[in-house]
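Q: I'd like to zoom in on one spot of this model and then work outwards from there. Could you walk me through it in one go, cut-offs included?

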Amino acid sequence: MASTNPQPVAALHNVFVYGSLLADDVARVLLNRVPASSPAILHNYHRFSIKGRVYPAILPIENKQVSGKVLSGITPFELHILDEFEDVEYERQTVDVYLMDSSEKLQVSTYVWSNKTDPKLYGEWDFQEWQRLHKEDFIKMSLGFMEELQLPESKPRVTTYESFFQPKNDGQS
């Protein structure tokens, strides 16, 4: 007897973003749309700059907070794209954020820096500075990443990133 039940609808995800994905243009390149979003705060985390990178990392740090936004209605396929984009440098984890417009607590996914003792992490990453200095090139890199992702043997995002953003020799190691 054939089942008349329709196929189950794949669960949609909410993802807290705090770096380059705060820019709608980057989300549009990766997801081919700009998902609905809400401003949110992630408590007990800190957003670091990373030496040699233009994007940030977050790690748990007591009494700190990270402002960002929750992208809503992310499909499993879109979550896969974000997983590939965040690459091995990040681990997707479930965290609690608070929506700024309602103070509602929401359980979401976010990408936490994998190397908890990375000596390249420093200070605090600045979105406004990133927009001024790096957004345009980052969008080009993201387009390159999406082209690579379509290939049978695509390169990791870090490799694509490094081909777009050559480290400056500033006398530091």
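Is Ser109 buried or exposed, and what is its relative accessible area?

A: Ser109 is buried, because its relative accessible area is just 11%, where buried means under 20%, exposed over 50% and partly exposed anything in between (1.4 Å probe, protein chains only). Before going further: this is a predicted model, with pLDDT of at least 70 needed for local features and 80 or more for side-chain atom pairs, while totals for chains, interfaces and linings use all residues. Residue numbers start from 1 along each chain as its sequence is written, and side-chain values use heavy atoms, leaving out hydrogens and water.

Ser109 sits in strand E5, residues 105-113; helices (H or I, at least four residues) and strands (E, at least two) are DSSP runs numbered from the N terminus. Leaving out residues up to four places away in sequence, Ser109 touches Asn14, Val15 and Phe16 as well as Arg92, Gln93 and Thr94, with contact meaning heavy atoms within 4.5 Å. Strand E4 covers residues 90-99.

Zooming out, the protein has 5 helices and 6 strands, in the order β-α-β-β-α-β-β-β-α-α-α from the N terminus. Of its 173 residues, 43% count as buried. Take the contacts between residues at least 6 apart in sequence: 71% of these join residues at least 24 apart. The exposed area is about 10100 Å², and carbon and sulfur atoms supply 50% of it (Shrake-Rupley, 1.4 Å probe).

Back inside, E4 also brings in the aromatics. The whole structure holds 10 aromatic pairs; Phe, Tyr and Trp rings (six-membered ring for Trp) pair if their centres lie within 6.5 Å, and planes under 30 degrees apart are stacked, over 60 edge-to-face, the rest tilted. One of them is Tyr55 with Tyr90, a tilted pair at 6.4 Å centre to centre and 50 degrees between the planes. Those two are 35 residues apart, with Tyr55 in the loop between strand E2 (37-50) and strand E3 (57-74) and Tyr90 in E4. Both tyrosines are buried. Another pair is Phe85 with Phe138, edge-to-face at 6.1 Å centre to centre and 85 degrees between the planes. Since Phe85 lies in helix H2 and Phe138 in helix H4 (residues 135-149), this pair ties together parts 53 residues apart in sequence. Phe85 and Phe138 are buried as well. Both pairs belong to a cluster, in which ring pairs link Tyr55, Phe85, Tyr90, Trp113, Trp125, Phe127, Trp130, Phe138 and Phe145.

Tyr55 has a polar partner too: its side chain makes a polar contact of 2.6 Å with the side chain of Glu89. Such a contact is a pair of N or O atoms within 3.5 Å; within protein, one must be able to donate a hydrogen and the other to accept it, and residues adjacent in sequence count only if both atoms are side-chain atoms. Glu89 itself lies in the loop between H2 and E4, and it counts as buried because its relative accessibility is 12%.

That takes us to H2 (residues 76-86), where Glu78, Leu79, Ile81, Leu82, Phe85 and Glu86 are buried. Looking down the axis of H2, these buried residues fall within an arc of 155 degrees, so they line one face of the helix; the arc is that of the directions from the helix axis to the C-beta atoms. Right after H2 comes Asp87, with a positive phi near 60 degrees.

Glu78 of H2 also has a polar partner: the Arg33 side chain makes a polar contact of 2.6 Å with the Glu78 side chain. Arg33 is in the loop between helix H1 (24-31) and E2, and it is partly exposed at 30% relative accessible area. Beyond its neighbours within four places in sequence, Arg33 is in contact with Ala27, Arg28, Ser72, Gly73, Ile74 and Glu78.

In the H1-E2 loop you also find Asn32, a non-glycine residue with a positive phi of about 65 degrees. Asn32 is exposed at 72%. Asn63 in strand E3 likewise has a positive phi of about 65 degrees without being a glycine, and is exposed at 70%.

Last, confidence: the average pLDDT, the predictor's confidence in each residue from 0 to 100, is 88, and 82% of the residues score at least 70. Residues 168-173 fall below 50, and that stretch has 2 contacts in the model beyond near neighbours in sequence. Where pLDDT is low, the predicted coordinates should not be read in detail.
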